[in-house]
Amino acid sequence: MKDWFADRRGAVFFLWLGIGLIALFGVLEYRFPSGAQLETARGRVAWQQETRGALYFILSDKQQLVLYAKGDPDGRQRAAIRDGAMYPLTVQFLRQQKTGIGFAPGEFYAAYVLAVGGKQAASLEQVRSAYRRDNLIALAMGVAAVAAGAWRLRAPRPSAPRAGGGRPASRRSR
């Protein structure tokens, strides 16, 4: 088990890991919503809670939404939500993508585009490019893992260590 990564099993593991990461990239890119799939909610922010990777908030019309930090690298949309108690927001969200959290009851839907007073904080294309940047990291890791696995499968194998006279080493000498 000590040389598992250097063995053929390790090479096959890296090959399958890379294929899985490449498939993950394809699924994430395919499943990103288009503008026609998004629904719209309007209102002021009645409640908000920020976590490490997301900002959960509830609008005055009781719509529960979550904005992931992955899609907001510059923080403009999160700043708009923080100011949303004073100004009404227009939020475009995807109802099919929902999550639940432990500190608030109900389901929260993924928000993609926010507008304050009719002016968008970020367009859907800017959000898509932020998600794509993270997805490309998964693609690069997948390609690297496939290359490492293929290289290990094709690399020449060293012969087994032999004791004097070409006989296999005894268990005691190992």
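**Overall architecture and side-chain contacts**

The protein has 3 helices and 7 strands, where helices (H or I, at least four residues) and strands (E, at least two) are DSSP runs numbered from the N terminus. The structure is a predicted model, in which local features need pLDDT of at least 70 and side-chain atom pairs count only at pLDDT 80 or more, whereas totals for chains, interfaces and linings use all residues. Residues are numbered from 1 along each chain as its sequence is written, and side-chain values use heavy atoms, with hydrogens and water left out.

Along the sequence, the helices and strands follow the pattern α-β-β-β-β-α-β-β-β-α. Of the 174 residues in the protein, 34% are buried; here buried means under 20% relative accessible area, exposed means over 50%, and partly exposed covers the range in between, with a 1.4 Å probe and protein chains only. Among contacts (heavy atoms within 4.5 Å) between residues at least 6 apart in sequence, 61% join residues that are at least 24 apart. The protein exposes about 11,200 Å², and carbon and sulfur atoms supply 57% of this area; accessible areas come from the Shrake-Rupley method with a 1.4 Å probe, and for residues only the protein chains shown count as cover.

On the surface, Val 12, Trp 16 and Ile 19 make a nonpolar patch of about 300 Å². Patches are made of residues with over 30% relative accessible area and no salt bridge, like charges being joined within 9 Å and nonpolar side chains (Val, Leu, Ile, Met, Phe, Trp, Tyr) within 5 Å. Trp 16 is found in helix H1, which spans residues 8-30, and Trp 16 counts as exposed because its relative accessibility is 60%.

Aromatic rings were examined next. Rings of Phe, Tyr and Trp (its six-membered ring) pair if their centres lie within 6.5 Å, and planes under 30 degrees apart count as stacked, over 60 as edge-to-face and the rest as tilted. By this rule the count comes to 7 aromatic pairs. In one of them, the rings of Trp 47 and Phe 108 have centres 6.3 Å apart and planes at 45°, so the pair is tilted. This pair links distant parts of the chain, as Trp 47 belongs to strand S2 (residues 45-50) and Phe 108 to strand S6 (residues 104-116), with their positions 61 residues apart in the numbering. Trp 47 is partly exposed because its relative accessible area is 28%, whereas Phe 108, at 0% relative accessibility, counts as buried. Phe 108 also pairs with Tyr 56, the ring centres being 5.4 Å apart and the planes at 85°, so this pair is edge-to-face. Because Tyr 56 lies in strand S3 (residues 54-59) and Phe 108 in strand S6, the pair ties together parts that are 52 residues apart in sequence. Both Tyr 56 and Phe 108 are buried. Elsewhere, ring pairs link Phe 32, Tyr 112 and Tyr 131 into a cluster.

Charged side chains form 6 salt bridges in the structure, a salt bridge being a side-chain nitrogen of Lys or Arg within 4 Å of a carboxyl oxygen of Asp or Glu. One of them joins Glu 39 and Arg 95, whose closest N and O atoms are 3.1 Å apart. The two residues come from distant parts of the chain, with Glu 39 in strand S1 (residues 39-43) and Arg 95 in strand S5 (residues 89-101), 56 residues apart. Glu 39 counts as partly exposed at 31% relative accessibility, and Arg 95 is partly exposed with a relative accessible area of 33%. In addition, the charged end of Arg 95 sits over the ring of Tyr 109, 4.9 Å from its centre; a charge sits over a ring if NZ of Lys or CZ of Arg is within 6 Å of the ring centre and within 35 degrees of the ring normal.

Another salt bridge is formed by the side chains of Asp 74 and Arg 76, at 3.0 Å from N to O. Asp 74 is partly exposed at 47% relative accessibility, and Arg 76 is partly exposed with a relative accessible area of 41%. Glu 107 forms a salt bridge with Lys 98, the closest N and O atoms being 3.8 Å apart.

Finally, Arg 78 lies in helix H2 (residues 76-82) and is buried, because its relative accessible area is 16%. Not counting residues up to four places away in sequence, Arg 78 touches Glu 50, Leu 55, Leu 67, Ala 69, Asp 72 and Pro 73.
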